[in-house]
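Me: Could you take a close look at one helix for me, and then at the aromatic side chains? I'd like the cut-offs spelled out as you go.

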Amino acid sequence: IILTQMNSEQFLNWIISNPEYAGFAMFLIAFLEAFFISGAIWPSVILLLFAVGLSEADIELIYICLGAGIGAWIGDTASYYSGLFFGPKLKKLDFLKKREALFIRGENFFKKYGWSGILIGRLIPAIRPFIPFIAGISSMKQTIFLVSSILACLIWSLALAILIIGIDNIVKLF
């Protein structure tokens, strides 16, 4: 079976029958959800449903959350460095010069909230993939971003575990 031609249900079934790849699958899904380009079109609910499906198939919660946490952190870090590298170039484009106020608001947000903005942004699905990119464009210090991103991804992974356990318990009621 070629993985690129599978739909999500077939992919989930393949992972369930090959549980040694569950952590990597969660890594990949979390990366796609966290990276600013793919995250713009990749809904967070896919990650949650996939994680619950793996949990229902008796895949260890630690593998699910560890894979998701690392994938999210790599996605956030790639987004941050993309913003840091491409930000100055993007600000010079005519299309974005007209929207300079958005960049100023982003920069002011990180000046005001700093590392806590990364924590808050990681927990809000609609803006999650864009926060690290904006932090990069805003030239947030790398050390502050990396430490806050690690902390945010740890908290997010724990929240994911709580959601999985909660949903799993609700499903068992029916």
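Reply: Here's a walk along helix H6, followed by the rings and one loop residue.

First, the ground rules: this is a predicted model, so local features need pLDDT of at least 70 and side-chain atom pairs count only at pLDDT 80 or more, while totals for chains, interfaces and linings use all residues. Residues are numbered from 1 along each chain as its sequence is written, and side-chain values use heavy atoms, with hydrogens and water left out.

H6 covers residues 100-113; helices here are DSSP runs (H or I, at least four residues), numbered from the N terminus. Its 14 residues reach 20 Å from the first C-alpha to the last, close to the 20 Å expected at 1.5 Å a residue (that span is 1.5 Å times one less than the number of residues). Phe 103, Gly 106 and Phe 110 are buried in H6. They sit on the same side of the helix because they cover an arc of only 60° around the axis, going by the directions from the helix axis to the C-beta atoms. For burial, the cut-offs are under 20% relative accessible area for buried, over 50% for exposed and partly exposed in between, using a 1.4 Å probe and protein chains only. Helices H5 (94-97), H7 (115-122) and H8 (131-137) are among what covers those buried residues, where contact means heavy atoms within 4.5 Å. On the face turned away from the buried side you'll find the exposed residues Ala 101, Arg 105, Lys 111 and Lys 112. After H6 comes Gly 114, with a positive phi near 55°.

Now the rings. The structure holds eleven aromatic pairs. One of them is Phe 24 with Phe 27, stacked at 6.1 Å centre to centre with 20° between the planes. To pair, rings of Phe, Tyr and Trp (its six-membered ring) need centres within 6.5 Å; planes under 30 degrees apart are stacked, over 60 edge-to-face and the rest tilted. Both residues lie in helix H2 (residues 22-34), three residues apart, about one turn of the helix. Phe 24 is exposed at 51% relative accessible area, whereas Phe 27 is partly exposed at 22%. Phe 31, Phe 35, Phe 36 and Phe 133 form one aromatic cluster.

Charges come into it too: Lys 89 lies over the face of Phe 85, 3.7 Å from the ring centre, and Arg 122 over that of Trp 156, at 4.9 Å. That requires NZ of Lys or CZ of Arg within 6 Å of the ring centre and within 35 degrees of the ring normal.

Lastly, Ile 41 lies in the loop between H2 and helix H3 (44-56), and Ile 41 is exposed, at 75% relative accessibility.

Definitions and conventions: Helix = DSSP H or I, 4+ residues; strand = E, 2+ residues; numbered from the N terminus.
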